[in-house]
Amino acid sequence: NIAKINQTGVTALTRLMMRKLNEVKDPLYFSKYIGPVLKDADLTHISNEVSFKQGCTYHDAVFCSDPRFIETIKDSGVDLVELTGNHNNDAGRQYNADTINLYKQLGIATFGGGLNTEEAKKFYTADIKGNKVAFLGYNHADSPSGGPIASSTEAGANSFDYSKIKNDI
């Protein structure tokens, strides 16, 4: 009954990866190398740091991701995306909302962020081979109300608060 979970840590499909994507013009270029390793799990988790935006170009202050990178995520067997990153709203909250809705449409679960405060604070649980697993996610750097944090009506990350975490656990 051993549950295998693969986690990548922060995934930011931008910067040099975007440059390489434009060079090779194949979003599966990346997943053909790492995908087989990531797929070999009962659950594969990434913490995506950026939102998808059509026409995205690399900029030092505003991070976004080319929408073609969704194919990289899909081909890598990603089941769960953490949304606690501090760059998901860089290009605008609407792109974050669009990205969250895309994950939902594709059946990829999320936690640590959402379309609003109520959704952002929800954690993710799974029963894997008889093992109960829970993922909780919070954005520490920008809490309680920085630009990446969800509001009652706008997408963003779950805010960090020790008492909230204790209560969630």
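This is a chat about the sheet, one helix, the disulfide and one loop residue of a predicted model.

Trainee: What should I know before looking at it?
Mentor: The model is predicted, so local features need pLDDT of at least 70 and side-chain atom pairs count only at pLDDT 80 or more, while totals for chains, interfaces and linings use all residues. Residues are numbered from 1 along each chain as its sequence is written, and side-chain values use heavy atoms, with hydrogens and water left out.

Trainee: OK, the sheet. What order do the strands come in?
Mentor: The sheet is open, with four strands in the order 1-2-3-4 and parallel pairing. Strand 1 (5–11) and strand 4 (109–111) are the edges, each pairing on one side only. Neighbouring strands are turned by 20 degrees against each other on average, direction ignored; the axes are lines fitted to C-alpha atoms, for helices over the stretch in contact, and angles run from 0 to 180 degrees between N-to-C directions. Strands here are DSSP runs of E, at least two residues, and helices are runs of H or I, at least four, numbered from the N terminus. Two strands pair if DSSP finds at least two bridges between them.

Trainee: And how many bridges join strand 2 and strand 3?
Mentor: Three, in the parallel sense, between residues 43–48 and 80–82. I46 has V81 as its bridge partner in strand 3.

Trainee: Switching to helix 2. Which of its residues are buried?
Mentor: F30, S31, G35 and L38. Buried means under 20% relative accessible area, exposed over 50%, and partly exposed in between (1.4 Å probe, protein chains only).

Trainee: Why do they line one face?
Mentor: Seen down the axis of helix 2, the buried residues fall within an arc of 100 degrees, so they line one face. That arc is taken from the directions from the helix axis to the C-beta atoms. On the other side, Y33, P36 and V37 are exposed.

Trainee: What covers the buried ones?
Mentor: The cover includes strand 1, helix 1 (16–24), strand 2 and helix 3 (70–75). Contact means heavy atoms within 4.5 Å.

Trainee: New topic: which cysteines form a disulfide?
Mentor: C56 and C64, with sulfur atoms 1.9 Å apart; the cut-off for a disulfide is a pair of cysteine sulfur atoms within 2.5 Å. A search of the whole structure finds one disulfide. The link is right-handed, with 100 degrees about the S-S bond, and both C56 and C64 are buried.

Trainee: Last one: is T14 buried or exposed?
Mentor: T14 is buried, at 3% relative accessible area, in the loop between strand 1 and helix 1. Leaving aside neighbours within four places in sequence, T14 is in contact with V50, Y58, F63 and C64.
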